[in-house]
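Hi,

Here is the structure I said I would pass on. Have a look first, and then read my notes below.

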Amino acid sequence: HRNLRCQHVESPSYEYLSEILGLSGEDQVEQSPQSLRTQEGDSLSLNCSYSSFRGLQWYRQDPGKGPELLFLLHSVGDEKQKERLRATLLKKGSSLHIEAPKPEDSATYLCAVQTQYSPGTCRLHPNPEAGALE
């Protein structure tokens, strides 16, 4: 009998993380197209592809401002919508669709892929009480 206990882990080296998590220097995120012009009323799609799936965020950034989170997608097949914007998540990519865009939709749109590792990680620890019952 064991139970899960979450434990804070100090930041280990990237080499150590790569070994225990199977991370690869080949992991990449790419967006296309790099820039896009459209006429008001025409729908458009922005694409984001990645080599391994861990969850994805779409952001909007206006000039002189910080990125604003639009969507957070966790599972393959997820689809979320906010007004004219719709984001979908596939196994190796995501798309951000803007239906009938307006001038105020002009901005930089960014996608970011979540890493598997976080400072708080769960490990298995013996449960002394359960062990005493055996």
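To start you off: which residue in the turn of the β4 and β5 hairpin has a positive phi? Gly64 does, with phi at about 75°, and the hairpin leaves 6 residues between β4 and β5. Please keep in mind throughout that this is a predicted model.

Some context on the fold. The protein chain contains 10 strands and 2 helices, and in sequence order they run β-α-β-β-β-β-β-β-β-β-β-α. Of its 134 residues, 26% are buried. If you take the contacts with a separation of 6 or more, 57% of them are between residues 24 or more positions apart.

Back to β4, which covers residues 56-61. It pairs with β5 (residues 68-73) in the antiparallel sense, over 5 bridges. Within that pairing, Gln57 has Leu72 as its bridge partner. β4 also pairs with β9, again antiparallel, this time over 6 bridges. There, Leu56 sits opposite Val113.

β9 is worth a look by itself. In a regular strand, side chains alternate between the two faces of the sheet. Which side chains of β9 are buried? They are Tyr109, Cys111 and Val113, which point to one face. Thr108, Leu110 and Ala112 point to the other face and are not buried. So Val113, the residue across from Leu56, belongs to the buried set, as its side chain falls under the 20% cut-off for relative accessible area.

Now the pockets. The largest has a volume of about 470 Å³, and 22 residues line it. Nearest its centre are Leu36, Asp105, Ser106, Ala107 and Tyr109. Which strand gives the largest share of that lining? It is β9, with 3 residues. β2 (29-32) and β3 (44-50) each supply at least two residues as well. By type, the lining splits into 10 nonpolar, 8 polar and 4 charged residues.

The second largest pocket has a volume of about 170 Å³. Its lining is made up of Arg60, Asp62, Glu68, Leu70, Lys82, Glu83, Arg84, Leu85, Asp105 and Tyr109. How many of those are charged? The count is 7 charged, 3 nonpolar and no polar residues. If you colour by pocket, note that Asp105 and Tyr109 appear in the lining of the second largest pocket and also lie among the residues nearest the centre of the largest one.

Two of the residues lining the second largest pocket deserve a closer look, Glu68 and Glu83.

Glu68 is in β5. Is it buried, exposed or something in between? Its relative accessible area is 42%, so Glu68 counts as partly exposed. Leaving out residues up to four places away in sequence, Glu68 touches Trp58, Tyr59 and Arg60. The C-alpha atoms of Glu68 and Trp58 are 8.6 Å apart, with the two residues 10 apart along the chain.

Glu83 is in the loop between β6 (79-82) and β7 (85-89). Its phi is near 55°, which is positive even though the residue is not a glycine. Glu83 is exposed because its relative accessible area is 69%, and the cut-off for exposed is over 50%.

There is another non-glycine residue with a positive phi, Ala100, at about 45°. You will find Ala100 in the loop between β8 and β9. Its relative accessibility is 31%, so Ala100 is partly exposed.

One last stop is Ser95, which is in β8 (residues 93-98). What does its side chain meet in a polar contact? The partner is the side chain of Thr88, at 2.9 Å. Apart from its neighbours within four places in sequence, Ser95 is in contact with Leu46, Asn47, Trp58, Arg86, Ala87 and Thr88. Trp58 turns up in that list and among the residues touched by Glu68 too.

If you only have a few minutes, I would open β9 and its pairing with β4, then go on to the lining of the largest pocket.

Cheers

Key
Residues are numbered from 1 along each chain as its sequence is written. This is a predicted model: local features need pLDDT of at least 70, side-chain atom pairs count only at pLDDT 80 or more; totals for chains, interfaces and linings use all residues. Side-chain values use heavy atoms; hydrogens and water are left out. Buried means under 20% relative accessible area, exposed over 50%, partly exposed in between (1.4 Å probe, protein chains only). Helices (H or I, at least four residues) and strands (E, at least two) are DSSP runs, numbered from the N terminus. Two strands pair if DSSP finds at least two bridges between them. On a 1 Å grid over the protein atoms alone, a cavity is a set of points where a 1.4 Å probe fits but cannot get out, and a pocket is an open set with protein on both sides within 12 Å along at least five of seven lines; lining residues have an atom within 4 Å of a point. Grid points are joined across faces, edges and corners, and a volume is the space filled by probe spheres set on the points. Ala, Val, Leu, Ile, Met, Phe, Trp, Tyr, Cys and Pro count as nonpolar, Asp, Glu, Lys and Arg as charged, and the others, Gly among them, as polar. A polar contact is a pair of N or O atoms within 3.5 Å; within protein, one must be able to donate a hydrogen and the other to accept it, and residues adjacent in sequence count only if both atoms are side-chain atoms. Contact means heavy atoms within 4.5 Å.
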